[in-house]
Amino acid sequence: MAKRTASIQRKTKETAIRVEIDLDSTGAVAARTGVGFLDHMLDHLGKHSLTDLTVEAAGDLHVDDHHTVEDVAICLGQAVAEALGDKAGIRRYGSAAVPMEEALAQVAMDLSGRAAVVYNVAFTGDKIGTFDVQLVEEFLRRLAVTAEMNLHVNVPYGTNDHHVAEAIFKAFAQAFLQAARRMYPAL
């Protein structure tokens with residue numbers, strides 16, 4: 001079977017990003033974006049999807065985290081699309097409900113090649129530490145659009161914003177693990 005790996009680099013006025021993935025591995029992650037909470041979420045994403053992930057980013061963090069988070073998501077989406085190739089033999093659909101203490105996140109996806117995002121999440125505050133909670137949605141939207149996936153994220157309840165975000169990323173990872181799984185070898 002062909003290896004499902006990709007390496008993406010992106011350089012803009014605001015950021016310089018490098019992403020490497022291996023979809024069929026153990027979930028080893030090395031994330032160094034300069035955004036601590038994003039690194040924490042990327043660690044969960046790789047670990048719970050069994051995707052080896054290397055992310056290095058340098059961005060205009062003196063302005064805020066937005067460009068770095070957005071560009072990491074774009075690169076990750078490109079890497080996913082490249083690693084999946086023509087998607088021959090994958091399951092295509094995946095879903096997961098993940099509890100994180102008092103929070104529950106539900107994620108469903110279709111690696112269809114048609115981008116769409118439904119995001120029903122309410123955070124109780126504006127920040128998780130220094131991380132703007134609106135960047136969770138920004139990250140997921142950019143990733144889904146660039147990877148051309150149909151993504152539905154619902155959080156019916158949760159009061160701790162860190163738990164809500166962590167449940168979302170873990171549920172995304174579990175759903176992706178299902179959707180990207182090979183059902184039979186590509187011809």
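**Exercise 1. Glu20 and its charged partners**

Task: Decide whether Glu20 is buried, partly exposed or exposed in this predicted model, and then work out which residues are joined with Glu20 into one network of salt bridges.

Solution. Step 1: The relative accessibility of Glu20 is 34%, and because buried means under 20% and exposed means over 50%, Glu20 counts as partly exposed.

Step 2: Glu20 has a salt-bridge partner in Arg18, with the closest N and O atoms 2.4 Å apart.

Step 3: Arg18 also forms a salt bridge with Glu56, where the closest N and O atoms are 3.0 Å apart. This second pair links distant parts of the chain, since Glu56 lies in strand β4 (residues 52-59) and Arg18 in strand β2 (residues 15-22), 38 residues apart. Glu56 is partly exposed, with a relative accessibility of 29%.

Step 4: Through salt bridges that share partners, Arg18, Glu20, Arg32 and Glu56 are joined into one network. In the structure, the count of salt bridges comes to 13. As a general point, side chains of opposite charge can pair when their charged atoms come close.

**Exercise 2. Arg92, Asp110 and Tyr93**

Task: Find which residue forms a salt bridge with Arg92, and describe what surrounds Tyr93.

Solution. Step 1: The salt-bridge partner of Arg92 is Asp110, and their closest N and O atoms are 2.6 Å apart. The two belong to distant parts of the chain, with Arg92 in the loop between α2 (66-84) and β5, and Asp110 in strand β6 (residues 103-110), 18 residues apart.

Step 2: Compare the accessibility of the two partners. Arg92 is partly exposed, with a relative accessible area of 28%, whereas Asp110, at 10% relative accessibility, counts as buried.

Step 3: Turn to Tyr93, which is placed in strand β5 (residues 93-100) and counts as partly exposed at 46% relative accessibility. Its side chain makes a polar contact with the side chain of Arg92, at 3.1 Å.

Step 4: When neighbours within four places in sequence are left aside, Tyr93 is in contact with Met109, Asp110, Gln178 and Ala179. Asp110 is thus a contact of Tyr93 as well as the salt-bridge partner of Arg92.

**Exercise 3. Two aromatic pairs**

Task: A search of the whole structure finds two aromatic pairs; say which residues form each pair and whether these residues are buried or exposed.

Solution. Step 1: A search of the whole structure gives two pairs. Phe37 and Phe131 form a tilted pair, 5.0 Å from centre to centre with 45 degrees between the planes. This pair links distant parts of the chain, as Phe37 is in helix α1 (residues 36-49) and Phe131 in strand β9 (residues 131-132), 94 residues apart.

Step 2: Phe37 counts as buried at 10% relative accessibility, and Phe131 is likewise buried, with a relative accessible area of 4%.

Step 3: The other pair, Phe139 with Phe169, is also tilted, with 5.5 Å between the centres and 40 degrees between the planes. Here helix α3 (residues 134-147) supplies Phe139 and helix α4 (residues 161-180) supplies Phe169, and the two residues are 30 residues apart.

Step 4: Phe139 is buried at 1% relative accessibility, and Phe169 is buried with a relative accessible area of 2%.

**Exercise 4. Helix α4 and the nonpolar core**

Task: Explain why α4 can be called largely enclosed by the rest of the structure, and state how many residues α4 gives to the largest nonpolar core.

Solution. Step 1: Check the length of the helix. At 1.5 Å a residue, the 20 residues of α4 should span 28 Å, and the end C-alpha atoms are 28 Å apart, which agrees.

Step 2: Look at the N-terminal end of α4, which is capped by Asn160, a side-chain oxygen of this residue lying 2.9 Å from the backbone nitrogen of His162.

Step 3: Because 16 of the 20 residues of α4 are buried, the helix is largely enclosed by the rest of the structure.

Step 4: The largest nonpolar core has 64 residues, and those that touch the most other members are Ile21, Leu42, Met109, Phe123, Phe139, Ile168 and Phe172. The largest share of this core, 12 residues, comes from α4.

Step 5: Phe139 shows how such contacts are made up: apart from neighbours within four places in sequence, Phe139 is in contact with Leu38, Leu42, Val69, Val72, Ala73, Leu76 and Phe169. In soluble globular proteins, nonpolar side chains tend to be buried together.

Technical notes: Residues are numbered from 1 along each chain as its sequence is written. This is a predicted model: local features need pLDDT of at least 70, side-chain atom pairs count only at pLDDT 80 or more; totals for chains, interfaces and linings use all residues. Side-chain values use heavy atoms; hydrogens and water are left out. Rings of Phe, Tyr and Trp (its six-membered ring) pair if their centres lie within 6.5 Å; planes under 30 degrees apart count as stacked, over 60 as edge-to-face and the rest as tilted. Helices (H or I, at least four residues) and strands (E, at least two) are DSSP runs, numbered from the N terminus. Buried means under 20% relative accessible area, exposed over 50%, partly exposed in between (1.4 Å probe, protein chains only). The expected span of a helix is 1.5 Å times one less than its number of residues. A polar contact is a pair of N or O atoms within 3.5 Å; within protein, one must be able to donate a hydrogen and the other to accept it, and residues adjacent in sequence count only if both atoms are side-chain atoms. A nonpolar core is a set of buried Ala, Val, Leu, Ile, Met, Phe, Trp, Tyr and Cys residues joined through side-chain atoms within 4.5 Å. Contact means heavy atoms within 4.5 Å. A salt bridge is a side-chain nitrogen of Lys or Arg within 4 Å of a carboxyl oxygen of Asp or Glu.
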